[in-house]
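The exercises below ask for a reading of one sheet, the helices beside it and one pocket. Work through each task before turning to its solution.

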Amino acid sequence: MASRLAIVRGAPLKHSLSLGIRSVPFVARRGVASATTPRQISQTSQAEADGHRRSHAALESLQRDPAYLEMKDAQAENPQPWMDFVARHIGPRDSDIDAMLKTVGADSLDTFISQVIPKDILLPPKKTIQPKKLSESGVANVFKSMSAQNEVKTWMNGGGYYPVEIPAVIKRNLLENPAWYTSYTPYQAEISQGRLESLLNFQTMISDLTGLPVANASLLDEGTAAAEAMTMSWNSLPTARAKRPSKTYVVSDLLHDSTIRVMHGRAEGFGINIEVMDLSAPDAHDKIKAFGDDLVGVMVQYPDTNGGVRNFRELADLAHAQSTLLSAATDLSSLTLLTPPGEWGADVAFGNSQRWGVPLGFGGPHAAFMAAQESSKRRLPGRIIGVSKDRNGRRALRLALQTREQHIRREKATSNVCTAQALLANMSAMYAIYHGPGQLREMAVTNLRHARMIQAAAQHYGLNVITSSVDPEGRVLSDTVTISFKDPIVCRALRRELNDRGISSGKSWSSNEIVLAVPTTFTLKNFVRIVQSFRDVSSKNHTNAYVDVANKYWTEGYKVSSNDIIKSLPDAVRRESKFLTHPVFNSHHSETEMLRYMHHLQSKDLSLVHSMIPLGSCTMKLNGTTQMELIGTESSSNIHPHAPVSGVKGYQKLFAATSAQLAALTGMDATSLQPNSGAQGEFAGLRAIAKYHEEHNGGRRDICLIPTSAHGTNPASAAMAGLRVVPIKCDTATGNLDIADLQAKAKKHEKELAAIMITYPSTYGVFEPEVRKACDIVHEHGGLVYMDGANMNAQIGLTSPGALGADVCHLNLHKTFCIPHGGGGPGIGPICVKDILEPYLPHQNNQTPVSSASFGSASIVPISWAYISTMGDAGLRKATSLALLNANYILTRLKEHYPILYTNENGRCAHEFIIDARGFSKTAGVEAIDIAKRLQDYGFHAPTMSWPVPNTLMIEPTESESKEELDRFINALISIRNEIREVEEGKQPREGNVLKNAPHTQIDLLLGDNGKWERPYSREKAAYPLPYLTEKKFWPTVTRVDDKYGDTNLFCTCPPVEDTTGTN
């Protein structure tokens, strides 16, 4: 390579001996053998190649043969049903479908569909969604071939992403375990104590490492976490300062580039200017002071994107002196060695937990984290797990401080976080538990040791290491080394040399800098190859044999003890405080103990492995095993998001295929897979609309019409995109849009109208007959139509957003397209658009992204691609039809027992419906929450509670549930109605009855009240109200949780260990 480089530079060639490769005896022996071996290999290779060509030509000839084609036709006419995934995905058997149609009063499925969907809405997609339906084995083979085109390297690109060895016990028993990945966000705390405990462990881990008292239970990625930190700072300002037109947020120029780009998109909607600044410059502090009341806050990276570590105490003091917050992007591994941000004055700390036990996955999904000072806890975005107590006074965990969330604050919210990354947060927490604080710190020391070896070798060969350091000797203080070049040609040459040796380096967009970030998977071979690459582009000591140089720095590096490396860190940045001291992080270090702990937590939670989860607007359907198996392959999970384009051809094909599928089924023209949640999809779609209006319409179009029934993320996303919200009334009798109100407000704001947001079917669970008219009205007044795809499971194959008049829609791949909910994430919220909006998609080079990685949660895209591929067009239509039938079957059987809200003129609902519990408040003192908690005693998760109508339950069964399971759920609700009737008839008291005391745990039934059983119902009625429960019983592990106590006594980390012997 030195010779090639010399040619590029125009310098004279060096003799090959000048490369300084050390000669050893066995090299000569291999040289003798090589005199004949290459020729033999060449002859063999040529023969094999000729054989392959002949075989391929013969196969092509066979496939054109009329006899062969006739055999193919015969095979196609005689399908093998056991190879058809559709029958595995859909719950009801064909005989069940006939019985269900009879129950609902329809003579055929087509007749039934015509009663559910208005005729002018029934507009199947014009394009084929999946050209060829695949079997489960077929889709696995296609994916294997596709992903084989991705190149796996030793990833040292940095940017907050590291290759990691995932402990098999965690991978097999958590990531690949449906008992973990099919559960829902833990709103029903009594049947979610396992993952609530795991997420509390995650929060404790983050709080300990950052030195900040309150942490959340994960965010989407580091870029969106940074944006949330910025808006937290903005929200902390007095109103007068927050409204200043020149408000400015200062960001270090050494933040990860992807983070800064995401922040720009968020800042724009709130009118915040971002000032990217060299904070090491002599006049940096003076510049910050000069902003005065315009200063929103300051953000640093610690360690920075180049691996540098600085002392930010004075900067924190400066931010506080100007009454603003200082936020720090940080790294969990480094914080085992470095002073926690909370100890040097940071108000907020955030970052990516990926390197602790989560695959790279070409960018996601990964769990970001955030921690803050106590004073900011009510502004902290995302879920927070808190410690409370249950009805019996025992410790119980729950989601705390929910009044902060977007579904409460709506357009006043500055965050639209809904789905987070619970499954990945649990993986990271388990990784920390499995390794423990000592081993985690030793990993960080080893990474630092290797980074210093790389630094020494680079400097030996005259390369300029620019990683900043407060170390007097200039040694790096983190696992990342950055090298700078005056000559871009040399920079490119080194990058190429490294890549040719299987090592991918960071900052590929830079013409004069290369980053090498050391992972825990770093090996001696990696080091030798790096040193060899340094030698090949060296400006100094280029005659020194690279093996000798590597040997020198490797052996010298390992002569220094771990303790001495820690002591070498300057006092100003060396961590002295302890971390992860709670017993949970110090007890489960053998695989046996780890396995048992995870299984213990798993056993506390209800998931789809137990029973249906009938949550309205959540679509808790089957997560097919074949689809899930795809995400674990090395060639898809171990790809860095900054991998060169030439090395991710498999992912490119996957994205193209999935984008085409989604565009076809939505009736749209283009797709962006980047948003990593539905709420982020909303934000991306509204930004696309806003950008379109900026370019095509003079004046300011910033009015977004939103129905009063909309999910809280809709107005929150609109506010984030810089749009003003105008609510549209809904008919109280039908739940439909008030067309007259829409017409009036569209006319009133026609000069300012940007968009309307419509959920279809409506959030009330009905196909609104005038949705196309609503779209026409908005278009006539200059606006565009955004369709929320939360209810897309009722549309696929039967109608589409594009056909109805939408210009953009988002989809929830974690609902309709079978990505699991993971107990609160991950998710993907891609947007599909008409061609006029394609230039404004977030993955386009000229647009600001909404996610840190260009393709968001790329590694779970195969799940949705495989689902669509194995269902085919007909299978997708059947699935949609069965989702509608299952919902109407339950409705038909329950309507004699419960009032039903909002059906169409035929008495039909869409894929979900609402039962009204409001009347029971007067007749029996029973609320929707009592029905929800009592369902837990019957082994079911509650339907969506008190949304979109307070004190109601919204039920969505999906197509994956069998008639047997639907009947079991129906019978449970009928039984509960009979229990309510007993109260209404005076047979049971209004207080202390079986509903008010629900759910019942085993210990509650054994101990009763102070050792006695004096309740007005029997233990048997509490635990086994229906016969099936004697065979199939799920036990909640805590009784009803006290929400009020939990919020007034907020505790968000693992509580200290208490003496439970009763002797004190």
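**Exercise 1.** How many bridges join strand β6 to strand β7, and do the two run parallel or antiparallel?

*Solution.* The model is a predicted one. Take β6 as residues 325–330 and β7 as residues 348–352. Four bridges join these strands, and their direction is parallel. Ser327, for instance, has Val348 in β7 as its bridge partner.

**Exercise 2.** Place this pair in its sheet, and explain why β2 and β4 each have one side without a neighbour.

*Solution.* The sheet is open and has seven strands, ordered β2-β8-β7-β6-β5-β3-β4, with mixed pairing. β2 (214–215) and β4 (273–277) stand at the edges with a single partner strand each, so one side of each lacks a neighbour in the sheet.

**Exercise 3.** Find which strands helix α14 and helix α15 meet, and give their angles to β4.

*Solution.* Start with α14 (residues 257–270): this helix packs on the sheet and touches β3 (248–252), β4 and β5 (295–302). The direction of α14 makes about 155 degrees with that of β4. Next, α15 (residues 284–291) lies across β3, β4 and β5, at about 165 degrees to β4.

**Exercise 4.** Describe the second largest pocket by volume and lining.

*Solution.* The volume is about 1,000 Å³. Of the 38 lining residues, Pro641, Ala643, Val645, Ser854 and Phe855 are the closest to the centre of the pocket. By class, the lining has 15 nonpolar, 19 polar and four charged residues. Elements that supply at least two lining residues each include α14, α20 (488–500) and α27 (649–666). α27 gives the most, with four residues.

Conventions
Residues numbered from 1 in each chain as written. Predicted model: local features only at pLDDT ≥ 70, side-chain atom pairs only at ≥ 80, totals over all residues. Heavy atoms only, no water. Pairing = 2+ DSSP bridges. Contact = heavy atoms within 4.5 Å. Axes fitted to C-alpha atoms, helices over the stretch in contact; angles between N-to-C directions. 1 Å grid on protein atoms, 1.4 Å probe; cavity = no way out; pocket = protein on both sides within 12 Å on 5 of 7 lines; lining within 4 Å. Points joined across faces, edges and corners; volume = space filled by probe spheres on them. Nonpolar A, V, L, I, M, F, W, Y, C, P; charged D, E, K, R; others polar.
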